[in-house]
Amino acid sequence: AVSLGLAMINTLLVIGILGVVYRRRVILPLARMTEQVRDLLAGKSAESLAFPNAATEIGELAQSFDAYRETARQVVDDQWVKAHQARIAGELQCAQNFTDLARSFMSQIAPLLSIGHGVFYIHDTERHVLRMLAHYAYRERKELSQTFRLGEGLVGQCALEMTPIVLTQPPEEYIRIGGGLGEARPAVIMLLPVLSGGRVLAVVEVAGFQPFGARDEALMEALLPTLAMSLEILERNVKTQQLLEATQEQAKRMEEQAGQLTRQAAELEAQKHSITAMMEEQNAVFEAVTSGVALIRDRIVLKANCQLDNILGAAPGSRARRPWGPAITS
């Protein structure tokens with residue numbers, strides 16, 4: 001009877017131990033995975049399970065669940081990036097000039113990336129400098145400069161190397177992010193070149209209190225080509241407008257010159273009529289003189305009036321263009 005009682009006690013202990021083990025290794029993991037699946041279906045984030053590497057069926061199921069969770073997170077992030085990329089691209093298309101474009105871009109990305117500081121520098125190809133065009137929550141930095149030459153400072157170096165620059169824990173005096181409750185040093189500073197066709201169009205500098213995540217970096221990577229295209233479209237529009245204005249100015253000058261030539265032609269015609277009238281008046285006076293009169297130059301009779309022809313007994317006009325001298329007047 002004693003042996004039978006001990007056997008039953010041992011059996012109950014084994015069953016209890018197996019129940020505890022089964023609960024810890026099967027029941028609880030399955031319940032946890034069920035809860036996380038419900039979170040995923042509800043759109044909530046789900047953390048990794050505590051035993052994905054266990055060499056059991058539950059471990060394999062946990063690994064599969066983690067792979068699915070990562071895939072689902074990536075799909076959600078991709079949809080988030082594409083949705084905001086399309087929306088911001090539409091906003092950028094409404095910009096009328098470079099300043100509006102820069103301000104719109106900074107105001108759109110700042111709340112999405114939790115930016116505490118941002119500056120937009122455009123590449124001024126005529127002056128060969130990067131010029132500050134717009135900013136977001138900007139606070140003065142040490143030795144503040146509105147422009148940077150290529151290779152000068154982090155902004156110029158980013159443009160020169162045409163590659164992003166990321167700084168973690170920057171110096172205290174470089175940038176201070178300020179708000180209504182005070183100011184602090186950012187945890188990360190990221191400078192991104194805006195490139196197109198092997199040339200730098202702009203440099204975007206952003207800073208935040210926390211490092212940017214993979215989704216944030218993916219959004220910026222997707223937006224930079226869109227920003228570059230918008231800058232190029234504006235650049236072409238500006239050049240077209242300048243060419244149109246130059247053409248209009250040239251047409252205006254040509255119209256003014258044509259008007260001036262018309263006025264000059266009218267003045268010449270008026271002068272011609274005036275001279276003709278004066279010559280006719282002089283001819284009338286010349287012919288009306290009762291004495292014989294001749295206009296002689298270099299002994300050549302240029303003109304003689306009819307009275308002179310009568311005095312000399314010559315036919316009217318016969319003296320014109322003939323030498324004047326003794327042989328003629330004898």
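**Environment of S196 and overall architecture**

The side chains of S196 and E232 form a polar contact at 2.5 Å (a pair of N or O atoms within 3.5 Å; within protein, one able to donate a hydrogen and the other to accept it, with residues adjacent in sequence counted only if both atoms are side-chain atoms). The model is predicted, so that local features need pLDDT of at least 70 and side-chain atom pairs count only at pLDDT 80 or more, whereas totals for chains, interfaces and linings use all residues. Residues are numbered from 1 along each chain as its sequence is written, and side-chain values use heavy atoms, without hydrogens and water.

S196 belongs to strand 7, residues 188-196 (strands are DSSP runs of E, at least two residues, and helices of H or I, at least four, numbered from the N terminus). S196 counts as buried because its relative accessibility is 15% (buried, under 20% relative accessible area; 1.4 Å probe, protein chains only). With residues up to four places away in sequence excluded, S196 touches L201, A228 and E232 (contact, heavy atoms within 4.5 Å).

In the protein, 7 helices and 10 strands are present. Of the 330 residues, 30% are buried. Among contacts between residues at least 6 apart in sequence, 46% join residues at least 24 apart. The exposed area of the protein is about 21,400 Å², of which carbon and sulfur atoms supply 56% (Shrake-Rupley method, 1.4 Å probe). L6 is located in helix 1, residues 2-41.

Methods:
Buried means under 20% relative accessible area, exposed over 50%, partly exposed in between (1.4 Å probe, protein chains only).
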